[in-house]
Amino acid sequence: MGLPKDIEKNFVFDLPEMKKMIRDFQGQMENGLKGEQVSMGMLPSFVSRPRGTEKGDFLALDLGGTNFRVLDVRLSGVREIEVRNSFAVRMPEHLRHGAGRELFSFIAGTLKDFLSKNNIRSLRRLGFVFSFPVQKTAPDSGTLLSWTKDLTASGVVGRDVSELLRRALEENGVENVRVSALVNDTVATFLSAAYRHNDADMGLILGTGTNACYPENTERIGYLENKYRYFPEMIINTEWGGFASLARNDFDRRLDENTSRPGEQTLEKMVSGLYLGGLVKIVLDELVRKQELFKGGDGDAFLAAEFETEDISRIEADCSEKLSGVDDFLREKGVLFSTHADREILKKVCALVSKRAARISAAGVGAILSRMDPGLKNRHVVAVDGALYRHHPWFGPRMQDALRELFPASSGNIDFVQAKDGSGTGGAIAAAISGR
Ligand code: BGC
C-alpha cells in the first residue's frame, strides 16, 4: 500500500495551473504598478542597478527571518566584494515577539560591540537590510507595512524603520555610523550579483520566507512621482509571498490557522522554509492517525516529535535502496520500527510538498522574466539566496524542470546563480550607491 491518491492530488501543481498562475501574477504586477490594491506588494525600492565601480568600506546590518548579521564590507571598485569581518547571531525568541524598542536596541548594541571589537572608528555609511514589506519613501527610509514570517515585535508596524534604527544608535552612543540605505533582502541579493556580474535580472529569496525583485522600466511604474524617475529603471520588491491567487487545500488551511497571521502570505506559506516542515507534518500526522503510517506501533512517538523543513532536505537526500537514512532519522524521533513502505511514504510526502513549492516558485520566476522579455529570447540570470534553496537537494533542479515545461524552447536561457552572502553584502552596495 502506498500513499493514498487523494493526498497526492492535493499537492499537484501541473502545467495548466502554472500557466494560470503566470497570467494572474502578471496581471497583479501590472495593476500593482498602477497603484491598485493587489495581493502582492509591488513596492518601489528607490534603488537602481549598481555600476560595479562603487568603492570603499561600508557596513551592513541584515535582519532576516531567523538570524541577525553585521558585516564590514570592502567594495573594490572593480566588481569584487570582500567581507572583512562579520558577526551572526540567531535572533533571541523574546526579541522577535517583544517590544520593538528592545529589538532595535539589541541591533544597535550588537553593532556597537562589533565596531569596538573590529576597531572601526572612522565614519561609515551603513545599509540596513530589512527583510519585511516596507513602503519606501526615499532610498534611506521606509515604513513597515506589516511583519511577516513569525515576527510580532510591537510598535514597529507603521513606523519608519530607519528612524527607529537611528534613534537606537543614538541611544547606544554609536556616533560614527550613518544609516544611508534601507533595502529588502531580495534587493540586496540582486545588488550583490549585479555588482559582480552586471547581468542579473532578478533577486530571489528561498529561505525562512520567500520573495523576488526585478528591475522595472520606470516608465511602467504608474504610481511613481515624476521627481523619482531619475533612473531608466528601478528595482521593484514584488513581495510575492503575499500572492493569493493560488488554490489552497485542506492541509494548507490547517497550517494557516496556526500561524501568527492567518489569511496572509498565501504563497509564502506554500513555499518557504518557515512553513514546509509544518505542512509535511500535518499530512504525515493525518496518515498516522488514519493508521496508514507506522502501523508497527510507533505512531505516537512520531506524533509527539518535531518536524522541521531541514528534515525534508535530509529525507529527500536519502537515495539508498533501503532508505536507511530515513530510518536513522525516524529512530532519532523515537520511531524505532518502520517498514520500507512507511519510509517510502515519508519520502513521498516530503517530495510532494517541496515539489509544489518549487513549481510555484518557478511559475513566479517565469512570470517576472517573461514580463521583461516575452519570448525569453535573451539570457536571464536569477540571483538566489536562502537556506531552503541552498540545502534542499532537488529544489533547484525541480524549478528548472518546471521552467522547461513552461518554456520548452527557451528555458535554457535562464540561469540561477547562488549569490553567496548576497543579502548581507548587498546592504553595503546599497549604502555605496546612496553616495552617488
Ligand atoms: C518578507 C519579504 C522577504 C522575504 C524573504 C518575506 O516574509 O515579507 O520582505 O524578502 O520574506 O526574507
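## Around the ligand

Of the 14 residues that surround the ligand, the nearest are K149, N184, D185, E239 and E268. Keep in mind as you look at them that this is a predicted model. Sorted by character, the shell around the ligand has 3 nonpolar, 7 polar and 4 charged residues.

## Polar contacts and cover

Let's pick out some atoms. A polar side-chain atom of D185 is 2.5 Å from an oxygen atom of the ligand. K149 also brings a polar side-chain atom to an oxygen atom of the ligand, at 2.8 Å. With F132, the backbone takes part: one of its polar backbone atoms lies 3.3 Å from an oxygen atom of the ligand.

How much of the ligand's accessible area does the protein cover? On its own, the ligand has 310 Å² of accessible area, and the protein covers 98% of that.

## Two cysteines without a bond

Now for the cysteines. How many disulfides does the structure hold? The count is 0.

Why is C319 not bonded to C350? The closest cysteine sulfur to that of C319 is the one in C350, and the two are 13 Å apart, which is too far for a bond; a disulfide needs the sulfur atoms within 2.5 Å. Seen from the other side, C350 is in no disulfide either, with the sulfur of C319 as its nearest cysteine sulfur.

Are these cysteines buried or exposed? C319 is exposed, with a relative accessible area of 55%, whereas C350 is buried, with a relative accessible area of 0%.

Key: Residues numbered from 1 in each chain as written. Predicted model: local features only at pLDDT ≥ 70, side-chain atom pairs only at ≥ 80, totals over all residues. Heavy atoms only, no water. Near = heavy atom within 4 Å. Polar contact = N/O pair within 3.5 Å; in protein donor to acceptor, adjacent residues only side chain to side chain. Areas by Shrake-Rupley, 256 points an atom, 1.4 Å probe, with all protein chains shown as cover. Nonpolar A, V, L, I, M, F, W, Y, C, P; charged D, E, K, R; others polar. Buried < 20%, exposed > 50% of the residue type's maximum accessible area, 1.4 Å probe, protein only.
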